[in-house]
Amino acid sequence: MASMIFCDCSSSTTARLLPLSCHKLRHSCTPLHFSPYLTFSISSSKTSFPFLSIKSHASSTLISAKMATENTAKVIDGKSVAKQIREEIAVEIARMKEAIGVVPGLAVILVGDRKDSATYVRNKKKACDAVGINSFEVHLPETSTELEVLNSITKFNEDASVHGILVQLPLPSHMDEEKILNSVGIEKDVDGFHPLNIGRLAMRGREPLFVPCTPKGCIELLHRSGVQIKGKKAVVIGRSNIVGMPAALLLQREDATVTIVHSRTNNPENVIKEADIIISAVGQANMVKGSWIKPGAVIIDVGINPVEDPESPRGYRLVGDVCYEEVVKVASAVTPVPGGVGPMTIAMLLSNTLSSAKRMHNFS
Ligand code: NDP
């Protein structure tokens, strides 16, 4: 059944991608919001990197026992890791409520009537409800002015019961996305996209208040899978502001030697072949072949790519950037798509919201 779509890993054209409409679907929302299975998860902590919660007890549970095929890579089960993280968050929220009577609050601003955006917002609300985070929502019409959106953000910035603010992307084209995102108070920027947060992430000796959820989820998966990062060669494929670039910064902070591969990199396979750890965030189905992988490497596949699948009721299915069938024969561990990084993203959003509430109320 993986048939025509998946088995095309080795061809240079990779899988048959869905037509533009589907790509638009992906690009139309922040990657954070695309995946339908992105419904839960995240974590936090307050070691030297407040954004990396390293729980030694969990390390053995992360790489799921299930093997993709005999003699192949272990599957890093993001779904179960995310579930575990959500449970930890729920415990922490209950503890905080009991101790100081504070419940974390997450506000989401949705503009327009895109069905996919509405679904993501609904999923976030459900995830919040499940762990005990209060959710607040403002839904503005497509025809709203930029000022109306900015006013909503200002209200949430000033509301002490709100600890995190998230603007659902994409915004209507008449709005200045950068201006709107920059108006979210840095101390409530749970998406971690504010330039100040990214700047601090990049600087030695500085700590960001929040780390973008998807890269944070990638590192959390590595930690909880017991993968050593320090001293390893890591390659990040993709350099977007929301995934590739912060993922590379995080790996560097973890003392990996990091190389970034992007669309202008010559012979990317030669660079990737050197890596002990690969994080791929490109958005091209099955681009990374088994022959590009160093034996024993660990692969975190962030890509979510719709490809035609006549056997699926939806007419398409989701695959990663990495040709899973090939790499499982070479790598030591790999995240599946779906069920790898996707479930971690919302978990990290919940985690950032909890961290924010703790920080604001000086609760540890
Ligand atoms: P962007 O389109 O913003 O960035 C893609 C990056 O990939 C760019 O840096 C681009 O390089 C690089 N790239 C493109 N083609 C190639 C190539 N042939 N070889 C090497 N590099 C290439 O995407 P995002 O970072 O937003 O998302 C990437 C993928 O991750 C998507 O599939 C998205 O759906 C998914 N995603 C999944 C999430 C999850 O929760 N699981 C969350 C976020 C994203 P250049 O800079 O040179 O253009």
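Here are a few worked exercises on the predicted model above.

Before you start: residues are numbered from 1 along each chain as its sequence is written, and side-chain values use heavy atoms, with hydrogens and water left out. Since this is a predicted model, local features need pLDDT of at least 70 and side-chain atom pairs count only at pLDDT 80 or more, while totals for chains, interfaces and linings use all residues.

**Exercise 1. Work out which stretches of the chain have pLDDT under 50.**

Step 1: pLDDT is the predictor's confidence in each residue, from 0 to 100. The chain mean is 85, and 80% of the residues reach 70 or more.

Step 2: Look at residues 10–15, where pLDDT stays under 50. The model still gives them 14 contacts (heavy atoms within 4.5 Å) beyond four places in sequence.

Step 3: Residues 64–69 are also below 50, with 13 contacts beyond near neighbours in sequence. Where pLDDT is low, don't read the predicted coordinates in detail.

**Exercise 2. Describe how helices α5 and α10 pack.**

Step 1: Helices (H or I, at least four residues) and strands (E, at least two) are DSSP runs, numbered from the N terminus. The chain has 14 helices and 12 strands.

Step 2: Get the geometry. Axes are lines fitted to C-alpha atoms, for helices over the stretch in contact, with angles from 0 to 180 degrees between N-to-C directions. For α5 (residues 78–100) and α10 (residues 213–224), the axes come within 11 Å and cross at roughly 95°.

Step 3: Classify the angle. Under 35 degrees is roughly parallel, over 145 roughly antiparallel, 65 to 115 roughly perpendicular, and the rest oblique. α5 and α10 are therefore roughly perpendicular.

Step 4: List who touches whom. Gly-78, Val-81, Gln-84, Ile-85 and Glu-88 of α5 meet Glu-220, Leu-221 and Arg-224 of α10. That contact has 3 nonpolar, 2 polar and 3 charged residues, where Ala, Val, Leu, Ile, Met, Phe, Trp, Tyr, Cys and Pro count as nonpolar, Asp, Glu, Lys and Arg as charged, and the others, Gly among them, as polar.

**Exercise 3. Trace the salt bridges around α5, α10 and α11.**

Step 1: The rule asks for a side-chain nitrogen of Lys or Arg within 4 Å of a carboxyl oxygen of Asp or Glu, and the count comes to 12.

Step 2: Start in α10, where Arg-224 and Glu-220 pair at 2.7 Å, N to O. They sit 4 residues apart, so about one helical turn separates them. Both are buried (under 20% relative accessible area; exposed is over 50%, partly exposed in between; 1.4 Å probe, protein chains only). Salt bridges with shared partners join Glu-88, Glu-220 and Arg-224 into one network.

Step 3: Move along to Lys-358 and Glu-92, which pair at 2.4 Å, N to O. Lys-358 is in α14 (residues 342–360) and Glu-92 in α5, so this pair ties together parts 266 residues apart in sequence.

Step 4: Finish with Arg-253 and Glu-207, whose closest N and O atoms are 3.3 Å apart. Arg-253 belongs to α11 (residues 244–253), and Glu-207 to the loop between α9 (195–202) and α10. Arg-253 is buried at 16%, whereas Glu-207 is partly exposed at 32%.

**Exercise 4. Decide how enclosed α11 is, and by what.**

Step 1: Of its 10 residues, 8 are buried, so α11 is largely enclosed by the rest of the structure. Among them are Gly-244, Pro-246, Leu-249 and Arg-253.

Step 2: The cover includes α9, α10, β6 (233–237), β7 (257–261) and β8 (277–280).
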